[in-house]
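Let's take a walk through this model together. Keep the 3D view open and turn it as you read.

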Amino acid sequence: MRKYLARRAIYAAVTLLGVSLSIFAILRVLPGDPLVAILGVEGHAQMKPADRVRIMADLGLSDPLPIQYVRWLGDIGAGKLGKSFFRGDTVAELIRHRGPISAEIGVLALMVSWLVGLPVGILSAFRPNSLPDGLARALSVLFIAIPGFWLGILVVLALLFWFGYKAPIIIVQLWQSPWQNFQIVAGPAVVLGLAQGAYIARMSRSCLLEVISEDFVRTARAKGVREWLVVMRHALPNALLPVITISGVLLGFVLGGSVAVEQAFGVPGLGRALVTAVIERDIIVVQNLVLFYAVIFVAVNVLVDLSYAWLDPRIRYG
Amino acid sequence: MKQLALELARFSRRNTLSALGGLIGLLIVFAAVAAPVLAPRDPLKADFRRMNKPPDAQSLLGTDQVGRDTLSRVIYGARTSLFVAFSAVILGTTVGSLWGVACGYLRGRFDLVSQRIMEIMQAFPDLILAMAISMAIGTGLPAVIFAIAITRIPFGGRVIRSVALSVREMPYVEAGRASGATALRVMAFHVLPQCIAPYLVLATTHLGVAIVIEAALGFLGVGVPPPTPTWGNMLADSITGLVPPWWLAFYPGLAITVTVLAFNLLGDGIRDTLDPRLSPAFLRMMTGGRRA
């Protein structure tokens, strides 16, 4: 197990190194002059050449690219994530301040998706092609198609009409006021969770049906185990593994989707910070935040792999 | 021709829902193509006497903040949306599939390195990667297409690679090799044709995803720039006011949902028909193929 863990960690580290290199390449090499990217073509043209040189040097953008890249990695290693070009905040502050709320949304969304998706999937598989099954499948097909941010806009609109909902302007952290914090994160978490729940329902249904046709389930039925126990005790644990795997992938949807859903709800989370940075062409912030999202995504997938290896004794680590 | 009609009839009988999805998809494509004829008004023309009007007889789906007709903008929005989605999916899936064929057929070091590169590409959440790329290369139509296409490459690569891996072991491929055909020739004439069915399945499955990413980019203000009417841009417009007009928020999103739903249903049917083996394993393979 320890060997497997080490190998998985090394793989992840190599992937992340590649990730950092591609972010760097996308943001520095592709557009040519980063100042044009920051200031726009017009702003760049209005600037004096001397100013351009000074700003480039200030930002550390005039060094050769390999040196810039290595220095970036070194800074990350030292815990310095750079500063916004337009505001005073450092990226580390941004993550500390806005990260928790986005993390809460992500975790809650994942919980919602399991709490909704799994029971629906089980119900579907319990009586395949029955009316509840048909309804559940129709709903999951629908919720997979509905874009989360649109559902978010509609929910906000409804809340606005009926309850006078206002978008949160300031961040209320969980430890400051749990109730107010919950009001901020509940909406985005449910909206994101429902879409993922639809995938989970679909996946758990098809996996359960696959497992139910196996011999050991027939044996369980033959020896007179009650039907719901057959499903819950014998079939479900074997059907859950792929559902866990898909959760890792779904987290990618949640991470990406939360960016748009936070925007829809007006939640000042990390996703909105990223959107603002992209619109303002704040290269340093974008570079570090995108890397941060990728690190989380990779880390979660490592965790999913490990839990998979841990839950499934057939997988030998080595 | 008659053969095709028969096949279609059989497909519709067996997959009523996907046939319906295909029909709706066709209607939306038709609406996109015929937008200048169908749209009652110019989608770009502001009318300051009719700003923020709820749906009425003059503009069936209401008007936006500067008095542009929502119905016309939704119809024109289908153009951008479908054009971006089709181009991006065809570009990304094709590049990914060709890459996958090469990986699966050549194996060895090339495959190993390619797999790592695809893993790196999949280490980004789709939307975030697309945002970063479209920021780097500018926010025009081609930039958005390119950005979405990049995110589709590893999916094509992984699925088609696994197909190529199994096809390469077949006797007829070996016969081709034995008769002295070059690797390129074997890949092009023996392996590639076997990949067409999964390619079609992949492409339809990803159309919906591409449409949603395009809309999300537009909604976040980093997609095809305004005033081009896109569904995402319209949704972005809908939340700028203090009291958002519901019709401006509702109809573009409904258009996205119906389109995605139609293509997803069609994709499910095509998958079941062309490649029944793929169905249960397909999702798992899409999830990164970690459990190979």
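Find helices α10(A) and α11(A), the second of which covers residues 270-280 of chain A: they pack at an angle of about 90°, and their axes are 8 Å apart. Angles from 65 to 115 degrees count as roughly perpendicular, and α10(A) and α11(A) are therefore roughly perpendicular to each other. From α10(A), the contact uses S258(A), V259(A), E262(A) and Q263(A), while α11(A) brings G271(A), R272(A), L274(A) and V275(A). Sort the residues of this contact by type and you get 3 nonpolar, 3 polar and 2 charged. Bear in mind as you look around that this is a predicted model.

Now step back to chain A as a whole. It has 12 helices and 0 strands, so to speak a string of α after α when you read along the sequence. Of the 318 residues in chain A, 41% are buried. If you take the contacts in chain A between residues at least 6 apart in sequence, 78% of them join residues at least 24 apart.

For a single residue to look at, try Y11(A), which sits in helix α1 (residues 2-29) of chain A. Is Y11(A) buried, exposed or partly exposed? A residue needs 20 or more other C-beta atoms within 10 Å to be buried, and 12 or fewer to be exposed. Y11(A) has 15 other C-beta atoms within 10 Å, so Y11(A) is partly exposed. If you go from Y11(A) to V116(A), you move 105 residues along the sequence and 33 Å through space, C-alpha to C-alpha.

Over to chain B. Here you can count 13 helices and 0 strands. The C-alpha atoms of chain B fill a box of roughly 75 × 50 × 30 Å along the principal axes. Buried residues account for 51% of the 292 residues in chain B. Of the contacts in chain B with a separation of 6 or more, 71% are between residues 24 or more positions apart.

One helix of chain B deserves a stop. How many residues of α11(B) are buried? The count is 8 of its 8 residues, and α11(B) is mostly covered. Among them are W231(B), M234(B), L235(B) and D237(B). What covers them? The buried residues of α11(B) pack against α4 (70-106), α10 and α12 of chain B, together with α7 (148-163) of chain A.

That brings us to the place where the two chains meet. Chain A puts 46 residues into the contact and chain B puts in 42 residues. On the side of chain B that touches chain A, α5 (108-121), α6 (126-137), α10 (196-220), α11 (231-238), α12 (246-274) and α13 (278-286) each supply at least two residues. Which of these helices gives the most? The answer is α6(B), with 9 residues. By type, this side of chain B divides into 28 nonpolar, 8 polar and 6 charged residues.

Finally, look inside. In soluble globular proteins, nonpolar side chains tend to be buried together. In this model, the largest nonpolar core has 167 residues, and those with the most contacts inside it are V286(A), A132(B), I148(B) and A216(B). Helix α10 (residues 227-265) of chain A, where our walk began, provides the largest share of this core, 18 residues. Zoom in on V286(A): leaving aside neighbours within four places in sequence, V286(A) is in contact with L27(A), L274(A), A277(A) and V278(A), and also with A132(B) and M135(B).

Conventions
Residues numbered from 1 in each chain as written. Chains lettered and ligands numbered in written order. Predicted model: local features only at pLDDT ≥ 70, side-chain atom pairs only at ≥ 80, totals over all residues. Contact = placed C-beta atoms within 7 Å. Helix = DSSP H or I, 4+ residues; strand = E, 2+ residues; numbered from the N terminus. Nonpolar A, V, L, I, M, F, W, Y, C, P; charged D, E, K, R; others polar. Core = buried A, V, L, I, M, F, W, Y, C linked by C-beta atoms within 7 Å. Axes fitted to C-alpha atoms, helices over the stretch in contact; angles between N-to-C directions. Parallel < 35°, antiparallel > 145°, perpendicular 65-115°, else oblique.
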